[in-house]
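Reader: I would like a close look at a single part of this predicted model, taken slowly and with the surrounding elements brought in where they bear on it. Please begin with the sheet and work outward from there.

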Amino acid sequence: MGSYCELYINDYPIATTKNEIDPFLLSLFQTSDLNVFKRKIGDRIQVLYGRENEEDEEENAIQYINSAKNIRDRLNVMGFTLDSTKERFEESKEESLVQLREWLENKTFNDSDRMNKTLTKEIQILENNSFDDFIEAVKEIFEHNYGYDVKKEDLPKKINPIIPYLLDHGYGLDRFPYNYDQRTLLRALLEATEPDTLITYDITELLESGYYEGEPEEVYDEVIGNLTFDYELGEKFLILTEGTSDINILRDSLELLYPHLTGYYSFMDFGASNASGSASSLVASIKSFVGADIKNKVIALFDNDTAAESAIGGLSKTKIPPNIKIKQYPNIEIAKNYPTIGPTGITNMDINGLAGSIEMYLGSDILRQKDGLMPIQWKGYDSKLKKYQGEIIDKTKIQKDFKKKIKDCKVDRNNIKDEDWREMHELLQMIFNTFNE
């Protein structure tokens with residue numbers, strides 16, 4: 001009969017895996033999501049086989065749990081965006097239609113009126129309904145809690161025809177067109193789910209049955225650790241920057257604002273690796289990675305300034321593989337009319353692309369001093385690009401103030417909403433979407 005892992009949205013089972021933990025699904029969780037507790041076997045919600053004769057026995061339940069919002073963010077980071085999910089939906093639907101039409105024409109398979117009606121009805125459902133139509137059906141299933149074991153005669157007579165189609169096989173919502181990868185199925189179903197809904201992956205039965213040895217934390221490392229050949233299965237994105245200050249600021253901001261995504265990124269620390277920090281050294285690191293044929297997904301982040309643009313030009317003859325992305329910090333609204341110190345005094349101008357170091361993304365509450373925004377000092381002129389290079393004055397004070405801002409918010413997370421994170425959110429969102437462009 002086998003043992004099963006089960007994936008739930010709230011208490012609704014949507015998918016199962018037999019005799020092994022699905023590494024694709026497990027990669028959506030982190031060890032911090034692990035929840036181990038005592039329960040009766042009868043309290044399980046199982047898609048397939050129950051154990052009625054053991055319902056009163058106690059067991060150690062082993063589950064990974066997080067919110068729909070956080071799981072959606074993780075799926076997006078991995079490339080399972082809404083757009084890609086809709087594409088997979090259309091591909092899967094077309095594959096099903098091709099198969100169903102072949103069966104309809106095959107008189108050996110389609111050998112009765114009942115079979116003919118069934119095939120014709122399924123073809124009509126797939127032909128006449130879109131992704132959004134299927135999502136509306138799923139919302140109705142969740143709302144009315146139509147169980148995976150519901151009988152057709154128990155459903156309302158006037159019901160969305162997609163609903164009995166989805167529930168027909170009794171194995172969760174596996175009939176939703178999703179093209180095989182259950183992460184795609186989950187990403188689709190999250191469109192029918194409230195952000196604070198709990199998503200649960202229950203691996204109790206497999207550990208209880210001895211398919212894996214060791215503590216649950218060790219099992220997680222074993223399953224994920226054996227899958228280093230594919231970043232989508234849990235390998236971290238590696239972020240390179242121009243210097244240690246950028247790394248520390250990005251890491252602290254990620255941990256504070258998106259703690260559920262920290263496990264998916266690692267940073268190359270210039271201090272730890274004895275590498276110097278500058279745009280030119282980042283270019284050298286990129287060339288080294290290309291030459292070494294590094295397979296990791298790498299995001300190389302440059303400042304949004306003249307020096308970075310000039311340095312990136314040094315990569316023009318280097319063939320950058322698709323697993324390495326070159327990005328500059330994004331243009332931001334606050335930089336469009338920003339004070340600069342020039343020969344005639346303070347002049348406001350657009351400094352995007354000229355002086356966009358990491359400090360520009362720390363919030364207006366950090367940049368604003370008693371006399372206004374901390375100005376940009378022009379440092380030099382690039383004759384080739386015909387652009388000036390600017391640098392914000394008193395970087396040390398700005399970074400020190402930001403560290404205090406981070407510290408205060410870590411002590412009391414309620415402080416986060418009172419601080420300005422607009423530009424940092426824009427920067428981090430750019431990082432999250434880098435491989436989805």
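Author:
**The sheet and what surrounds it**

Lys-38 stands opposite Asn-60 in strand S4, and this facing pair is a convenient place to enter the sheet. The two strands concerned, S3 and S4, run antiparallel to one another and are joined over seven bridges. They belong to an open sheet of five strands, arranged in the order S2-S1-S5-S4-S3 with antiparallel pairing. Strand S2 (12-18) and strand S3 (34-40) form the edges, and because each has a single partner strand, one side of each is left without a neighbour in the sheet. From one strand to the next the twist averages 25 degrees. As a general matter, the strands of a sheet pair through backbone hydrogen bonds, in either the parallel or the antiparallel sense.

Before going further, a word on confidence in this predicted model is in order. The chain has a mean pLDDT of 89, and 91% of its residues reach 70 or more. Residues 229-234 call for caution, since their pLDDT is below 50, although this stretch has 16 contacts in the model beyond near neighbours in sequence.

From the sheet one can turn to helix H2 (residues 68-77), which is largely enclosed by the rest of the structure, because eight of its ten residues are buried. The buried residues are Ala-68, Asn-70, Ile-71, Arg-72, Asp-73, Arg-74, Leu-75 and Val-77, a list in which charged side chains such as Arg-72, Asp-73 and Arg-74 appear beside Ile-71 and Leu-75. Among the elements that cover these buried residues are two strands of the sheet just described, strand S4 (58-67) and strand S5 (198-202). The cover also includes helix H7 (182-189), strand S6 (237-240), strand S7 (265-267) and helix H16 (422-432). After H2 comes Gly-79, whose phi is positive, near 105 degrees.

Charged side chains elsewhere in the chain can be followed through their salt bridges, of which the count comes to 26. One of them joins the side chains of Arg-101 and Glu-127, with 2.8 Å from N to O. This pair links distant parts of the chain, for Arg-101 belongs to helix H3 (residues 82-105) and Glu-127 to helix H4 (residues 113-128), 26 residues apart. Both partners are partly exposed, Arg-101 at 33% relative accessibility and Glu-127 at 43%.

A second bridge brings the side chains of Lys-405 and Asp-365 together at 3.1 Å, N to O. Lys-405 lies in helix H15 (residues 395-411) and Asp-365 in helix H14 (residues 364-367), so the pair ties together parts that are 40 residues apart in sequence. Here the two partners fall into separate classes of accessibility: Lys-405 is buried, because its relative accessible area is 4% and the cut-off is 20%, whereas Asp-365, at 32%, counts as partly exposed.

Helix H15 also holds a salt bridge of its own, between Asp-401 and Lys-397, whose closest N and O atoms are 2.8 Å apart. These two residues are four places apart in the helix and are therefore separated by about one helical turn. An α-helix has 3.6 residues a turn, so residues three or four places apart point the same way. Asp-401, at 25% relative accessibility, is partly exposed, and Lys-397, at 33%, is partly exposed as well. Salt bridges that share partners also join Arg-39, Glu-59 and Asp-202 into one network, and by their numbering these residues fall within strand S3 (34-40), strand S4 (58-67) and strand S5 (198-202), which returns the account to the sheet.

Two further residues complete the picture. Glu-205 is found in helix H8 (residues 204-208), where it counts as buried at 8% relative accessibility, and its side chain reaches the backbone nitrogen of Tyr-4 at 2.9 Å. Ile-334, in turn, sits in the loop between strand S10 (324-328) and strand S11 (338-342). Although it belongs to a loop, Ile-334 is buried, with a relative accessible area of 16%. Leaving aside residues up to four places away in sequence, Ile-334 touches Met-360, Ser-364, Leu-367, Leu-373 and Glu-423. Of these, Ser-364 and Leu-367 lie within the span of helix H14 (residues 364-367), and Glu-423 lies within that of helix H16 (422-432). The C-alpha atoms of Ile-334 and Ile-351, 17 residues apart along the chain, are separated by 9.3 Å.

Terms used:
Residues are numbered from 1 along each chain as its sequence is written. This is a predicted model: local features need pLDDT of at least 70, side-chain atom pairs count only at pLDDT 80 or more; totals for chains, interfaces and linings use all residues. Side-chain values use heavy atoms; hydrogens and water are left out. pLDDT is the predictor's confidence in each residue, from 0 to 100. Contact means heavy atoms within 4.5 Å. Buried means under 20% relative accessible area, exposed over 50%, partly exposed in between (1.4 Å probe, protein chains only). A salt bridge is a side-chain nitrogen of Lys or Arg within 4 Å of a carboxyl oxygen of Asp or Glu. A polar contact is a pair of N or O atoms within 3.5 Å; within protein, one must be able to donate a hydrogen and the other to accept it, and residues adjacent in sequence count only if both atoms are side-chain atoms. Two strands pair if DSSP finds at least two bridges between them. Axes are lines fitted to C-alpha atoms, for helices over the stretch in contact, and angles run from 0 to 180 degrees between N-to-C directions.
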